[in-house]
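Here is a friendly walk through one protein chain. Take a look at the structure first, and then let us go through its contacts together.

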Amino acid sequence: MDVMYEKPVLTEDGVAPEVSMSTDDLGPKGLLPMDPGAEKKVVRKCDLHVMPMISLLYMLAFVDRINIGNARIQGLEKSLNMEGNNYNIALFVFFIPYILFEVPSNIILRKVAPSTWLSFIMLCWGIVTTCMGLTKSYAGLVVCRFLLGFFEAGFVPGCIYLISMYYKRYELQWRVNLFFCASILSGAFGGLLAYALASMSGIGGYEGWRWIFIIEGLITVLVACLAKFFVVDWPETSKFLNHDEREILLRRLREDVAEARMDRLDKKATRRVFSDWKIYVGTIMYFGVVNTGYSTSFFTPTILQQLGWTAIRAQVYSIPIYITSAVITLFTAFCTDRLRHRYAFTILGVFVATVGYVILLAQKTVPVGARYMAVYLITVGGYITQPVTLAWLSNTMGGHYKRSISSALQIGLGNCGGIVASNIYITTQAPTYPVGFGVSLGLLWLCGLACTILVVGLRMENRKRERGERDERFALPREELENLGDDHPSFRYGY
């Protein structure tokens, strides 16, 4: 029987037609094992060409998304006559289009070359960021934040989808964490850049906070113009690999997923995707922890300033927090891929961040140094857990379409945590923020509960398949059997 490769065959411009690739080109199923040296060489080339550019783009994306936190302590609110919860509203409106347009964007990405689509939306959000520095009113700021969310919507799920097309399941966590380190380091980079740009106050008649948006936006526009030539497209048309290397890459990916393919999005496949409980549990996992990620990004400079430090000192002291988080995140990725285990690391991050939240909830009775350490613990704990939830759900998805849609749904719906984060740090409750810290702690344990439900459910499903309780699916028509995705009886889940 002909085994069909799960990824799409693309035309020379990187567009994916609705066809699948036969493994006849790769030889018979009885091929000798691949040369380990040649396989490692292919993986190294993927690392050098896939990861660096999209990680740089993500760093700039996150800087553009969270630079409003640095602009705030440089006089944004006073300049635009903002009062009450106006700042929270400006944060909130970003997430409305960001959540709604993630799935449509991944559908477009299925039809358009990633190098074209990702660079285009980046160019658009770079222009919007620059406009935020030129706006003269609070209303203009809100409109810009809405447009920023619209254009950034497809970037993260698109990149996670693209990365997952190049690596085997237990190679994915390291790459996802490398990608996420870009967002972590953007906190340090953004704080350092904001520190430098704030000193430009008065140049051209603009306040320092305006230069933060203007310069960072222009950098994004410049990089977007170059990104088209450096972002990779799908593996089948990867220009950085020669013919033999592409064959090795396609074969190793096919062998990793075995029969778990979903090359057609027909009615039955659509029903399987949207009725899969794992996607919704994975979304709750991400929702619970992403609130912590956004909380630290939006409010760390403000929290540190309210420890009694100046705005500049608060920005500088936020830098080592993010650098430490990046190092620990990479170490976590190494461990979780090496051990081929996800669950324990998600719970570890939850416990670490919990200690930080408890300290901040009791901050009136602890010294400034302990409060500063609490911000470390929250940031580190959140970034231990957050990228693992993404790679873990992707590992449980079998098939091209299912991986695409699940990634967009998890990140899209999960980013409702950003809406929560933008509304729970109430200005009148500064500097203790009991609601903000309390809600974030509760959501963190919602993430922990969802992770526990997922690991129990996956273990139960694997045992059922070992006992042959799903073997009746082998009797399905061949066309349906070859499009089951991870519902195929031969697929086993990792946890």
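## A covered charge pair

Let us begin with two charged residues that are out of view: Lys 278 is buried, and Asp 276 is buried too. The two form a salt bridge, with 2.8 Å between the closest N and O atoms. Please keep in mind that this is a predicted model.

## Other salt bridges

How many salt bridges does the count come to? The count is 19. Side chains of opposite charge can pair when their charged atoms come close. Some of these pairings go beyond a simple couple: Lys 268, Arg 272, Glu 480 and Asp 487 are linked in a network of salt bridges.

Glu 245 is a good residue to select in your viewer. Its side chain meets that of Lys 41 in a salt bridge, at 3.9 Å from N to O. This pair links distant parts of the chain, as Glu 245 sits in helix α10 (residues 243-257) and Lys 41 in helix α1, 204 residues apart. Glu 245 also meets Lys 45 in a salt bridge, here at 3.1 Å from N to O. Because Glu 245 belongs to helix α10 and Lys 45 to helix α1, this pair ties together parts that are 200 residues apart in sequence.

Are these three residues buried or exposed? Glu 245 has a relative accessible area of 7%, so it counts as buried. Lys 41, with 44%, is partly exposed. Lys 45 is also partly exposed, at 21% relative accessibility, where the cut-off for buried is under 20%.

## The nonpolar cores

In soluble globular proteins, nonpolar side chains tend to be buried together. Here the largest nonpolar core has 87 residues, and the members that touch the most others are Val 50, Tyr 58, Phe 155, Tyr 166 and Phe 179. Helix α1 (residues 36-72) gives the largest share of this core, 17 residues. Another core, of 25 residues, lies apart from it and has Val 289, Ala 374, Ala 450 and Leu 458 among its members.

What does Tyr 166 touch, beyond residues up to four places away in sequence? Its partners include Cys 46 and Val 50, as well as Val 232, Asp 233, Trp 234 and Pro 235. Also among them are Ser 238, Phe 240, Leu 249, Arg 252 and Leu 253.

## Tyr 161 and its neighbours

Tyr 161 is part of helix α7 (residues 155-164). With a relative accessible area of 0%, Tyr 161 is buried. Leaving aside neighbours within four places in sequence, Tyr 161 is in contact with Asn 106, Leu 109, Arg 110, Trp 234, His 400, Ser 404 and Ser 407. Take His 400 from that list: the C-alpha atoms of Tyr 161 and His 400 are separated by 9.1 Å, although the two residues are 239 apart along the chain.

## Two covered helices

Helix α9 (residues 208-227) has 20 residues and reaches 29 Å from its first C-alpha to its last, close to the expected 28 Å. Why is α9 described as largely enclosed by the rest of the structure? The reason is that 14 of its 20 residues are buried.

Helix α5 (residues 114-132) can be looked at in a similar way. Its 19 residues reach 27 Å between the first and last C-alpha, close to the 27 Å expected. α5 is mostly covered, as 14 of its 19 residues are buried.

## A nonpolar patch on the surface

Not every nonpolar side chain is hidden: Ile 96, Leu 100, Phe 101, Val 143, Phe 146, Leu 147 and Phe 150 make a surface patch of about 580 Å². Helices α3 (86-100) and α6 (138-152) each supply at least two of the patch residues, and the largest share, four residues, comes from α6. Phe 150 is found in helix α6. At 33% relative accessibility, Phe 150 is partly exposed.

## Two loop residues with positive phi

Asn 81 is not a glycine, yet it has a positive phi of about 55°. You will find Asn 81 in the loop between α2 (76-79) and α3, and with a relative accessible area of 65% it is exposed.

Arg 340, also not a glycine, has a positive phi of about 55°. Its place is in the loop between α13 (311-339) and α14 (343-361). Arg 340 is exposed, with a relative accessible area of 56%.

Note on methods: Residues are numbered from 1 along each chain as its sequence is written. This is a predicted model: local features need pLDDT of at least 70, side-chain atom pairs count only at pLDDT 80 or more; totals for chains, interfaces and linings use all residues. Side-chain values use heavy atoms; hydrogens and water are left out. A nonpolar core is a set of buried Ala, Val, Leu, Ile, Met, Phe, Trp, Tyr and Cys residues joined through side-chain atoms within 4.5 Å. Buried means under 20% relative accessible area, exposed over 50%, partly exposed in between (1.4 Å probe, protein chains only). Contact means heavy atoms within 4.5 Å. Patches are made of residues with over 30% relative accessible area and no salt bridge: like charges are joined within 9 Å, nonpolar side chains (Val, Leu, Ile, Met, Phe, Trp, Tyr) within 5 Å. Accessible areas come from the Shrake-Rupley method with a 1.4 Å probe; for residues, only the protein chains shown count as cover. A salt bridge is a side-chain nitrogen of Lys or Arg within 4 Å of a carboxyl oxygen of Asp or Glu. The expected span of a helix is 1.5 Å times one less than its number of residues.
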